[in-house]
Amino acid sequence: MKLKFPRWFYRLASPKWFYEISSKLMPWLALVTTVLMTIGLIWGLVFAPEDYQQGNSFRIIYIHVPAAILAQSCYLFMASAGAIGLIWKIKMAHVMAKSAAPIGASIAVLALATGAIWGKPTWGAWWVWDARLTSMLVLFFLYLGVIALTSAFDNVASSDKAAAVLSLVGVVNIPIIKYSVEWWNTLHQPATFTITAKPAMPAEMWIPLLIMVLSFYSFFALMLFARARIETLQREKRADWVQDLIKNHP
Amino acid sequence: MQFFFAAIKRNLLLSFRHKSDIFNPLAFFLMVAVMFPLGISPEAKFLAAIAAGVIWVAALLASLLSMDGLFRSDFADGSLEQMLISPQPLIVMVLAKIISHWLVTGFCLALLSPLLALMLFLPSEALFALVASLLLGTPTLSLIGAIGAGLTVGLRNGGVLISLLILPLYIPLLIFGTAMVQAASMGMPIVGYSAILGAILVVSLLFAPFATVAALKISVKG
């Protein structure tokens, strides 16, 4: 059986095409991000009802949960891009993986920091050695490892491949780490959103949260494109289309 | 198969000629463990509570310390390149490397651990669990560490980098290893924990050598 994808799918592998399409897409992404984030933030921080136990302090959920979800998805994205790059030797996949790593690391820090701020009023401590906190911290360490390895090589091709291998090894380990720390110690509440069940909070609370999650994803795409465009230009600086670009935009 | 044993024999012979390869990790293991009573508290009750964790962390660090040299000398003198282009499958060579690394570090660490257990007042009923958990866990340390060693072998300062890459991946072993010892010291069954450690060992035995081969190819060929 031979898989056939639409033409645009194959063109994703071309740096020049990516550069052109991302120039067109980025203003739209910026617009979507701004609109969604404004709606989500105002709705969540001002209009959503107070929590019956935590009062207003629960509102940090509108930053914390999207950040935590995105930090994990970003790792998966990075590892899948790395695998695609390793298997089919696609340059753009490596560019994407490399650009995703620092974004993922900063989002993981955001999730940890908002978690700490939320933990202080509800648990009475900035940090507890809880399963989810620890596994998020480990995720952050994995990002750091990938970033460190990427920057350690002089040769772009080997640094890409090495980072891809490491992020794939990390993917295998993430479930193991997750369950090991979960059995080890847990205090954190279970996942807020699951695909299989309805959220345990009223709609006025979770709809803004969903909007925030979407806005974070769109923000991630925007940042990813911005970083990947610079990376593409740097790597393709000898290509004709980049030279033309430099001549036409002095 | 013959090649496999020949490779193990070569690696072990090399380690015996460089006695420091064997003794440095063991001395490091002892010294790290000695730091804890000096740094925290020499009280027996307190030490007994942290003994399992201290011994496991020390074993983990000692194994990591020796990991950097796993492929380095072969890389430096070009034998790694010869192994890559030789008709023998690289995976066999890598597996032999890992097993010999475990024999000179992890296995010796496990044998030495009862001594540390005595020094740190670990309850005697947990002694068997400690040795068993180290025997089950240290091969995985060598297997996972080999991936990091393969990735960093071509780099000038791979030593710090390898710990950055590998330590997060060691966390599950540390958790289950110490949990097994603690369960034993409270008189609880340890079969469950040893099953998990064994399962992690089997999974990494299946995947880690392939990842190491990929890493070595990247490091050597670029």
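This report walks through a predicted model with chains A and B, looking at chain A, the interface and the empty spaces.

## Chain A on its own

Let's start with chain A. Its secondary structure comes to eight helices and zero strands. Read from the N terminus, the order is simply α-α-α-α-α-α-α-α. Taken along the principal axes, the C-alpha atoms of chain A fill a box of roughly 60 × 45 × 40 Å.

What about charged pairs? Over all chains, the count comes to nine salt bridges. One of them joins Glu236(A) and Lys91(A), with the closest N and O atoms 3.2 Å apart. Glu236(A) sits in the loop between α7 (203-235) and α8 (240-248) of chain A, while Lys91(A) belongs to helix α4 of that chain, so this pair ties together parts that are 145 residues apart in sequence.

## Where the chains meet

Now for the interface. Here 25 residues of chain A are in contact with 20 residues of chain B. The area buried between chain A and chain B is about 2,000 Å², and carbon and sulfur atoms give 86% of that.

How many salt bridges are there between chain A and chain B? The count is one. The partners are Asp154(A) and Arg156(B), and their closest N and O atoms are 3.7 Å apart. In general, side chains of opposite charge can pair when their charged atoms come close. As for polar contacts, the rule finds zero residue pairs across this interface, looking at pairs with both residues at pLDDT 80 or more.

Which parts of chain A do the touching? Two helices of chain A, α5 (131-152) and α6 (156-184), each supply at least two residues of the side that touches chain B. Of the elements, α6(A) gives the most to that side, with 14 residues. Sorted by class, the residues of the side of chain A that touches chain B come out as 17 nonpolar, six polar and two charged.

## Empty spaces

Next come the gaps between the atoms. Rolling a probe the size of a water molecule over the atoms shows where empty space is left. A search of the whole structure turns up two cavities of 30 Å³ or more. Here they are, next to the second largest pocket:

| Space | Volume | Lining by class |
|---|---|---|
| Second largest pocket | about 780 Å³ | 24 nonpolar, six polar, no charged residues |
| Largest cavity | about 80 Å³ | six nonpolar, three polar, two charged residues |
| Second largest cavity | about 40 Å³ | seven nonpolar, one polar, no charged residues |

The second largest pocket takes its lining from both chains. Helices α5 and α6 of chain A, along with α3 (44-67) and α9 (158-185) of chain B, each supply at least two residues of this lining. Which element gives the largest share of the lining of the second largest pocket? That would be α9(B), with 13 residues. In total, 30 residues line this pocket, and those nearest its centre are Trp184(A), Ile171(B), Leu174(B), Ile175(B) and Thr178(B).

The largest cavity is lined by residues of chain A, among them Met78(A), His94(A), Lys98(A), Val146(A), Asp160(A) and Ser167(A). The elements giving two or more residues to its lining are α4 (91-123), α5 and α6 of chain A.

The second largest cavity has a lining with residues from both chains. Chain A brings Tyr75(A), Leu142(A), Val146(A), Leu166(A), Val169(A) and Gly170(A), and chain B brings Leu165(B) and Leu169(B). Helices α5 and α6 of chain A and α9 of chain B each supply at least two residues of this lining. The largest share, three residues, comes from α6(A).

## Pulling it together

One helix keeps coming back: α6(A). This helix gives the most to the side of chain A that touches chain B, supplies residues to the lining of the second largest pocket, and is among the helices that line the largest cavity. Val146(A) turns up twice as well, in the lining of the largest cavity and in that of the second largest cavity.

Methods
Residues are numbered from 1 along each chain as its sequence is written. Chains are lettered from A and ligands numbered from 1 in the order in which they are written. This is a predicted model: local features need pLDDT of at least 70, side-chain atom pairs count only at pLDDT 80 or more; totals for chains, interfaces and linings use all residues. Side-chain values use heavy atoms; hydrogens and water are left out. Contact means heavy atoms within 4.5 Å. Buried area is the accessible area (1.4 Å probe) that two parts lose on being put together, summed over both. A salt bridge is a side-chain nitrogen of Lys or Arg within 4 Å of a carboxyl oxygen of Asp or Glu. A polar contact is a pair of N or O atoms within 3.5 Å; within protein, one must be able to donate a hydrogen and the other to accept it, and residues adjacent in sequence count only if both atoms are side-chain atoms. Helices (H or I, at least four residues) and strands (E, at least two) are DSSP runs, numbered from the N terminus. Ala, Val, Leu, Ile, Met, Phe, Trp, Tyr, Cys and Pro count as nonpolar, Asp, Glu, Lys and Arg as charged, and the others, Gly among them, as polar. On a 1 Å grid over the protein atoms alone, a cavity is a set of points where a 1.4 Å probe fits but cannot get out, and a pocket is an open set with protein on both sides within 12 Å along at least five of seven lines; lining residues have an atom within 4 Å of a point. Grid points are joined across faces, edges and corners, and a volume is the space filled by probe spheres set on the points.
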